[in-house]
Amino acid sequence: MADTRVTVWNEFVHEQENDTVAEIYPDGIHGAIADALSERGFDTETATLQESEHGLTEDVLDETDVLTWWGHAAHDEVEDEVVERVKEHVLDGMGLLVLHSAHFSKIFKSLMGTSCALKWREAAERERLWVVEPSHPIAEGIDDCIELEEAEMYGERFDVPQPETLVFNSWFEGGEVFRSGCTYRRGDGRVFYFRPGHETYPVYHDEEIQRVLANAVEWAAPSDDRATYSQGNAEPREDIDTTDERSVH
């Protein structure tokens, strides 16, 4: 864990424009998440939209095991070149945690290949985040459910591919349900979408939410025991004639 390097990315817009958000997250949402992960033993750095290359240079990503992504108001301001850079790193094995309204981020939509659209309602309603796969490492240490007194509702249908594992399923006071904890594999990288985290509610200060984030970082981080494979031009395993003159390579 101590060797796992996490870059916490945040567009960092609401905190600078809205007093309510600034009061809840005086150091930014990225600051709250980074502090929580650091306290749990991870090596954390932060990056924001306003930095050169959004703080996600090739050098930064080379040193990142897991990238967490929070965005809402400025998805379109993220440069396509940076999105492609992040995507390549995910395909090469970097873990990615996509948080709350980042379901509409360019990187998540690119990796999913769908609209990632959903229903929503902002009414400070109660949410029960039910654990539906308690054996999954991301749910370690969590009881039957996490209850949040105030949450923004996200409702089905959530236009994403079928998750590899559905870890959490939410129920909202208004009656909707939502697939709130979805795991995917893209190339060699692991991706986790985690729904809680609206900017005007102190969700990322909740210890159980912080535990889930820490569990997810550990799950998404590259490990030495993952399968390896080769690609590209391959020598034959058996003796065959390889002098086919029709080849154009």
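Where is E88 found? Helix α5, which spans residues 80-91, is the place to look. With that as a way in, here are some notes on this model, which is a predicted one.

1. **The acidic patch.** E88 belongs to a negative surface patch, and its partners there are E84, D92 and D188. As for its exposure, E88 has a relative accessible area of 41%, so it counts as partly exposed.

2. **The cores.** Now to the inside of the protein. The largest nonpolar core has 38 residues, and the members that touch the most others are L37, L97, F168, F192, F194 and Y204. Helix α7 (residues 207-220) is the top contributor to this core, giving 8 residues. There is also a second, separate core of 35 residues, with A47, L67, W69 and V86 among them.

3. **Salt bridges, starting at helix α5.** The structure holds 13 salt bridges in total. One of interest to anyone looking at helix α5 pairs D80 with K106, where the closest N and O atoms are 2.8 Å apart. D80 sits in helix α5 and K106 in helix α6 (residues 106-112), so this contact ties together parts that are 26 residues apart in sequence. The two ends have their own labels: D80 is exposed, at 51% relative accessible area, while K106 is partly exposed, at 26%.

4. **A buried pair.** Please have a look at E127 and R195 as well. They form a salt bridge with the closest N and O atoms 2.4 Å apart. E127 belongs to strand β5 (residues 119-131) and R195 to the loop between β9 (189-194) and α7, so to speak distant parts of the chain, 68 residues apart. Are these two residues buried or exposed? Both E127 and R195 are buried.

5. **R179 and E156.** This is another salt bridge, and here the closest N and O atoms are 2.8 Å apart. R179 lies in strand β8 (residues 177-186), and E156 lies in the loop between β6 (145-155) and β7 (165-172); the pair therefore ties together parts separated by 23 residues in sequence. R179 counts as buried, at 15% relative accessibility, whereas E156 is partly exposed, with a relative accessible area of 22%.

6. **A cis peptide bond.** E156 comes up again in the backbone. Which residue does a cis peptide bond join to E156? The partner is R157, and omega is about 15°. R157 is placed in the loop between β6 and β7.

7. **A salt-bridge network.** Back to charges for a moment: R5, E63 and D65 are linked to one another in a network of salt bridges.

8. **Positive phi values.** Two residues deserve a look in your viewer. F12 is not a glycine, yet its phi is positive, near 55°; F12 lies in the loop between β1 (5-10) and α1 (14-17). H100 is likewise not a glycine and has a positive phi of about 50°. H100 is placed in the loop between β4 (95-99) and α6. Why does H100 count as buried? The reason is that its relative accessible area is 0%, and buried means under 20%.

Methods:
Residues numbered from 1 in each chain as written. Predicted model: local features only at pLDDT ≥ 70, side-chain atom pairs only at ≥ 80, totals over all residues. Heavy atoms only, no water. Patch = residues over 30% accessible without salt bridge, like charges linked within 9 Å, V, L, I, M, F, W, Y side chains within 5 Å. Areas by Shrake-Rupley, 256 points an atom, 1.4 Å probe, with all protein chains shown as cover. Salt bridge = Lys/Arg side-chain N within 4 Å of Asp/Glu carboxyl O. Lys, Arg positive; Asp, Glu negative; His and termini not counted. Charge placed at Lys NZ, Arg CZ, Asp CG, Glu CD. Helix = DSSP H or I, 4+ residues; strand = E, 2+ residues; numbered from the N terminus. Buried < 20%, exposed > 50% of the residue type's maximum accessible area, 1.4 Å probe, protein only. Core = buried A, V, L, I, M, F, W, Y, C linked by side-chain atoms within 4.5 Å.
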